[in-house]
Amino acid sequence: MTANPQIVVCDDEPDVREMVAEYLERHGYAVTTADAGPALRQLVESQPVDVVILDIRMPGEDGLSLARYLREHSQVAIIMLTGSAEIIDRVVGLEIGADDYIGKPVDLRELLARVKAVLRRTTGRDRASESAHGAQSAQFGICRLDLESHKLFDADGSDIAITPMEFRLLKVFAENRGRILNRDQLLELAHDRGWDPFDRSIDIRISRLRKKIETDPTKPEVIKTIRGVGYLYA
C-alpha cells in the first residue's frame, strides 16, 4: 500500500463521484475520480492505487468487466457499488474477485467503514510480515524504539519509560512513516477499542510522547501536526 492510501472512484454519475470523493478526502485519503472505463484504466496504469470504488451499471464497459480487468492486471482492492435489486451482480462481482460491495444510494459512513476494512484485510498481513522480517527498530528524533523489546531509548541508550499504549502509537507511526493519520485511523491501527476517536485523548497521548522524543515539544519535528487533518511521522 502507498504511504497515503490512494482511492479511485469510478462512477458515471458526477454527483456520486464528487460526493464520495469529498467525503473520503475529508477523512485523510487521496482520491481521484473516473467517469468510465478508459479513464479508470489510464489511472490504474499510470499511478499507484490501493482501492477502486467501482459502479457496476455504467454505459459502455460495465463495472463487472472492469473488475475482471483489474483483478487480472493488479492487486488493487475493489469495492463494487450496486443497486439494491442487483443480487446476481453482487455474486458475480465477488466471484470475479471484488473485495466488497455496497448498495446505492451510498451511505457514506458505511462506505468509509468498508474502505477501512478492505485496507486492513489487503495490507495487514503484508505490513505485519514487513515488521516481523524487516527492521526491528525505528528512529524517533534522537530516540530509538525497539520493536522487539517494546522499549524506547534515548541518545545515550538509557531506557525511557513508556506505557503499552504509547508503544502501540509509536509502532503505528513507524509502520506508516510519511502518511498522515487522523484520530480515527490511529484508533483503528492501534487496536484500542476503548478510545473515542472524537475526544482529545489521542491528542493528550501524543503530547506526552512529544515530551519524550522531541528536542522542543512546543515545536515538534518528529511527529508533526497537520492542522485540520491529523498527524505525520516525518
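Okay, one bit of vocabulary before we start: when I say two strands pair, I mean that DSSP finds at least two bridges between them. And keep in mind that this is a predicted model.

With that in hand, let's go to strands 7 and 8. Strand 8 covers residues 151-153, and it pairs with strand 7 in the antiparallel sense, over three bridges. One position to look at is leucine 145, which sits opposite leucine 152 of strand 8. The two strands make a hairpin, with four residues between them. In that turn, histidine 150 has a positive phi of about 60°.

Now step back to the sheet. It's an open one, four strands in the order 6-7-8-9, with antiparallel pairing. Strand 6 (137-140) and strand 9 (159-160) are the edges; each has a single partner strand, so one side of each has no neighbour in the sheet.

On the strand 6 side, four bridges join strand 6 to strand 7, residues 143-146, and the two run antiparallel. If you want to check the register, alanine 138 has leucine 145 as its bridge partner in strand 7, and serine 137 stands opposite aspartate 146. Strands 6 and 7 form a hairpin too, with two residues between them. There the turn has glycine 141, with a positive phi of about 65°.

While we're at the sheet, let's do its charged side chains. Arginine 144 makes a salt bridge with aspartate 146, with the closest N and O atoms 3.6 Å apart. Buried or exposed, where does aspartate 146 fall? It counts as buried, at 16% relative accessibility, while arginine 144 is partly exposed at 32%. Then there's aspartate 159 with lysine 151, a salt bridge at 4.0 Å, N to O. Both ends of that one are partly exposed: aspartate 159 at 46% and lysine 151 at 38%.

Next one along: arginine 183 and aspartate 203 meet in a salt bridge at 2.5 Å, N to O. Arginine 183 is in helix 7 and aspartate 203 in helix 8, so this pair ties together parts that are 20 residues apart in sequence. Arginine 183 is partly exposed, at 26%, and aspartate 203 is buried, at 11%. Over the whole structure, the search finds 15 salt bridges. Some of them are linked: Asp11, Glu13, Asp55 and Lys104 form a network.

On to the inside. Which residues have the most contacts within the largest nonpolar core? Phe140, Phe173 and Leu186, in a core of 26 residues. The elements that give two or more residues to this core are strands 6, 7 and 12 (230-233), plus helices 6 (164-175), 7 (183-190) and 8 (201-213). Helix 6 gives the most, with six residues. Take phenylalanine 173: leaving aside its neighbours within four places in sequence, it contacts Phe140, Leu181, Leu186, Ile206, Ile223, Tyr231 and Tyr233. Apart from this core lies another, of 22 residues, including Val9, Ala21, Ile53 and Val118.

Last stop, arginine 17, in helix 1 (residues 14-26). What's its nearest side chain of opposite charge? That's aspartate 35, 5.3 Å away, and arginine 17 is buried yet has no salt bridge. The cut-off for a salt bridge is 4 Å, N to O. Leaving aside sequence neighbours within four places, arginine 17 is in contact with Val9, Asp11, Asp12, Thr33, Ala34 and Asp35.

That's the tour.

Conventions: Residues are numbered from 1 along each chain as its sequence is written. This is a predicted model: local features need pLDDT of at least 70, side-chain atom pairs count only at pLDDT 80 or more; totals for chains, interfaces and linings use all residues. Side-chain values use heavy atoms; hydrogens and water are left out. A nonpolar core is a set of buried Ala, Val, Leu, Ile, Met, Phe, Trp, Tyr and Cys residues joined through side-chain atoms within 4.5 Å. Buried means under 20% relative accessible area, exposed over 50%, partly exposed in between (1.4 Å probe, protein chains only). Contact means heavy atoms within 4.5 Å. Lys and Arg count as positive and Asp and Glu as negative; His and the chain ends are not counted.
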